[in-house]
Amino acid sequence: MNPIAASAERALHEHPHPALRLSELVELISPHVDRNLTPDRLRAELERHPETFRLLDPWRGPWRSLAHV
């Protein structure tokens with residue numbers, strides 16, 4: 001696992017909340033791995049490890065239709 005994904009995994013294990021926005025996770029890990037880290041780059045790195053990370057897009061998926069009810 002690359003340093004960005006490893007740092008994200010460690011930060012998520014240590015954080016009191018089970019899920020974070022990508023922007024929140026970037027703020028937590030960028031000082032340790034790459035100060036120029038962006039949410040898009042973090043997403044790409046995390047998507048390479050589907051066995052470890054689950055990324056949810058609030059605008060895609062079956063839950064989207066529930067918002068219109």
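**Close-up views of a three-helix model**

**Figure 1. The lining of the largest pocket divides into 11 nonpolar residues, no polar residues and 3 charged residues.** In this classification, Ala, Val, Leu, Ile, Met, Phe, Trp, Tyr, Cys and Pro count as nonpolar, Asp, Glu, Lys and Arg as charged, and the others, Gly among them, as polar. The model is predicted, and local features are therefore taken at pLDDT of at least 70 and side-chain atom pairs at pLDDT 80 or more, whereas totals for chains, interfaces and linings use all residues. Residues are numbered from 1 along each chain as its sequence is written, and side-chain values use heavy atoms, with hydrogens and water left out. The largest pocket has a volume of about 470 Å³, and of the 14 residues that line this pocket, A19, L20, R54, L55 and L56 are the closest to its centre. Helices α2 (22-33) and α3 (39-47) are the elements that give two or more residues to the lining. A pocket is an open set of points on a 1 Å grid over the protein atoms alone, where a 1.4 Å probe fits and protein lies on both sides within 12 Å along at least five of seven lines, and lining residues have an atom within 4 Å of a point. Points are joined across faces, edges and corners, and the volume is the space filled by probe spheres set on them.

**Figure 2. Three helices make up the secondary structure of the protein, with 0 strands.** Read along the sequence, the helices follow the pattern α-α-α, where helices (H or I, at least four residues) and strands (E, at least two) are DSSP runs numbered from the N terminus. Of the 69 residues in the protein, 25% are buried, a term that stands for under 20% relative accessible area, with exposed meaning over 50% and partly exposed in between (1.4 Å probe, protein chains only). Among the contacts in the protein with a separation of 6 or more, 44% join residues 24 or more positions apart, a contact being heavy atoms within 4.5 Å.

**Figure 3. The largest nonpolar core has 12 residues, and I4 is one of them.** The other members of this core are A5, A8, A11, L22, L25, V26, I29, L37, L42, L46 and F53, and the elements that give two or more residues to the core are α1 (3-14), α2 and α3. Such a core is a set of buried Ala, Val, Leu, Ile, Met, Phe, Trp, Tyr and Cys residues joined through side-chain atoms within 4.5 Å. Leaving aside its neighbours within four places in sequence, I4 is in contact with I29, V33, L37, R41, L42 and E45.

**Figure 4. S7 is found in helix α1 and is buried, with a relative accessible area of 6%.** Once its neighbours within four places in sequence are set aside, S7 is in contact with I29 and V33. The C-alpha atoms of S7 and L25 are separated by 9.7 Å, although these residues stand 18 residues apart along the chain.

**Figure 5. L28 lies in helix α2 and, at 38% relative accessibility, counts as partly exposed.** Beyond its neighbours within four places in sequence, L28 is in contact with H15 and L20. L28 and L12 are 16 residues apart in sequence, and their C-alpha atoms are 9.4 Å apart in space.

**Figure 6. The structure holds 4 salt bridges, among them the pair formed by D34 and R41.** A salt bridge here is a side-chain nitrogen of Lys or Arg within 4 Å of a carboxyl oxygen of Asp or Glu. The closest N and O atoms of D34 and R41 are 2.3 Å apart, and R41 is partly exposed, with a relative accessible area of 37%. In another of these bridges the side chains of E24 and R21 meet at 3.8 Å, N to O; E24 is partly exposed at 31% relative accessibility, whereas R21 is exposed, with a relative accessible area of 60%.

**Figure 7. E47 and R43 form a salt bridge within helix α3.** Their closest N and O atoms are 3.4 Å apart; because the two residues are 4 residues apart in helix α3, they are separated by about one helical turn. Both partners are partly exposed, E47 at 47% relative accessibility and R43 at 27%. D40 also lies in helix α3 and counts as exposed at 64% relative accessibility, while its C-alpha atom is 9.4 Å from that of S23, a residue 17 residues apart from D40 in sequence.
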